[in-house]
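Grab a pencil and work through a few exercises on the model below. Each one comes with a solution, so try it yourself before reading on.

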Amino acid sequence: MDTQELQRIKNRFDIIGNDPGLNKALETAVAVAPTDLTVLITGESGVGKENIAKIIHQYSRRRNGKYFAINCGGLPEGTINSELFGHEKGSFTGANETRRGYFEEANGGTIFLDEVGELPMSTQVMLLRVLQNGEFIKVGSSKVEKTDVRIVAATNVNLVYAVSQGKFREDLYYRLNAIQVRVPALRDRQDDIYLLFRKFTSDFSEKYQVCKIALTHDAIALLRSYQWPGNIRQLKNIAETVSALESVNLSSGTERLEINAATLSKYLPQKSDDILPVATGTKSSLGDEDKKMIIKALLDLKQEVDKLKAVVYGKQSDTRSLPSPSHLDDGSGEQAAEEAEWQGPEFSESPVHAHIAPKPVHRSIDNQEDEPQEENLLIEKGEAELIKKALEKHAGNRKLAAAELGISERTLYRRLKNEK
């Protein structure tokens with residue numbers, strides 16, 4: 001497959017990255033799509049296995065048929081057979097009418113069975129029969145029915161080990177594993193990590209009208225070196241969290257904000273953390289609407305904080321009228337250049353050496369040179385008292401004190417140094 005065709009597929013299915021392992025998975029998916037071979041997609045949770053299943057369906061002769069994506073781990077064991085194969089009226093309590101299952105509904109189409117390793121043994125037997133001769137029996141029925149369905153399965157567990165432990169049928173494993181497509185983990189796609197981060201933050205900026213987030217070189221290196229146990233799903237959540245908490249509202253002269261490794265590290269959970277921004281290894285109970293509400297609440301909170309800061313420092317209360325870049329000193333006095341789009345020329349080279357638009361805007365609460373001198377003295381005195389109380393509360397721990405004050409450790413250190 002040539003590069004242009006591969007890129008068209010990526011654009012169509014919103015796939016970002018140029019990793020060789022990713023490209024191989026896409027090429028394999030397109031190659032086997034015209035057949036009716038069963039495909040087993042392997043890879044860790046959050047790597048985007050469903051994209052491969054969608055490609056297989058769309059490039060197959062079944063593209064005009066129905067496509068169902070089913071999370072086997074999310075179906076209750078007591079009703080999973082009914083969900084997949086249907087049931088007859090009165091077959092169990094609550095079965096008030098005959099119901100068609102997914103395999104009957106998808107006749108002529110494709111079924112994607114995600115987390116297939118979670119299927120109970122009784123369901124594995126019924127699935128094996130479908131794979132062997134296209135037959136199934138509804139719950140509560142004795143009538144054998146036929147279906148013509150292409151099955152694509154995915155797993156994030158080692159099915160060979162599950163077979164050895166008696167948790168997965170060996171004959172079913174070989175039936176499912178006619179063709180195997182492996183999707184690489186995000187940590188193995190280092191050159192794609194920053195590209196993905198920029199895409200997610202750019203989308204967030206456009207949706208919520210906040211500044212775009214850019215990273216310094218040390219922050220990019222930190223992003224690439226992180227292990228990403230939750231893969232792309234985790235990266236997307238962190239990129240949106242950083243955008244929500246660190247960014248500011250758009251104004252005529254403020255369209256991008258650069259953060260460094262110290263700031264970014266606050267959002268990268270470690271194994272010892274009690275609370276993680278992204279749940280790994282567990283099933284999230286939050287739906288898309290819940291996540292949208294949380295993001296909106298964070299943005300509203302951020303705006304209220306900005307308004308309070310404006311009142312404290314005597315600034316204009318309208319947080320959307322931010323100072324022009326000339327008043328936000330980054331050491332050179334030059335204005336910030338407009339940031340290129342996430343997919344712009346800067347991505348023609350490795351992310352670590354990628355060119356970042358010069359002179360990013362840095363927020364600062366130190367620049368109060370326009371304030372009256374007496375007001376400055378009162379503010380400084382109030383700040384010193386707050387810092388003192390925070391340090392006393394946390395037994396001199398600057399990191400905890402800075403977190404409570406809502407400033408960085410570097411800013412706290414500078415305040416302490418200025419007091420001496």
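**Exercise 1.** Work out what share of the contacts with a separation of 6 or more links residues 24 or more positions apart.

*Solution.* Start with the contacts in the chain whose separation is 6 or more; 73% of them are between residues 24 or more positions apart. Keep in mind that this is a predicted model.

**Exercise 2.** Take stock of the chain: its secondary structure, its buried share and its exposed area.

*Solution.* Begin with the elements: there are 16 helices and nine strands. Next, burial: of the 420 residues, 43% are buried. Last, the surface: about 22,900 Å² is exposed, with 49% of that coming from carbon and sulfur atoms.

**Exercise 3.** Sort the residues of strand β8 by the way they point, then find how β8 runs relative to β9.

*Solution.* Strand β8 covers residues 212-215. Put K212 and A214 in one group, and I213 and L215, which point the other way, in the second. Now check burial: both groups are buried, K212 included. Then turn to the neighbouring strand in the pairing: β9 (residues 256-259) runs parallel to β8, and four bridges join the two. For one of the partners, pick A214, which is bridged to E258 in β9.

**Exercise 4.** Find how many disulfides the structure has, and say whether C72 is buried or exposed.

*Solution.* Recall that a disulfide is a covalent bond between the sulfur atoms of two cysteines. Searching the whole structure turns up zero of them. For burial, the cut-off is under 20% relative accessible area. C72 has 2%, so C72 is buried. Try C211 too: its value is 1%, so C211 is buried.

Technical notes
Residues are numbered from 1 along each chain as its sequence is written. This is a predicted model: local features need pLDDT of at least 70, side-chain atom pairs count only at pLDDT 80 or more; totals for chains, interfaces and linings use all residues. Side-chain values use heavy atoms; hydrogens and water are left out. Buried means under 20% relative accessible area, exposed over 50%, partly exposed in between (1.4 Å probe, protein chains only). Contact means heavy atoms within 4.5 Å. Accessible areas come from the Shrake-Rupley method with a 1.4 Å probe; for residues, only the protein chains shown count as cover. Two strands pair if DSSP finds at least two bridges between them. A disulfide is a pair of cysteine sulfur atoms within 2.5 Å.
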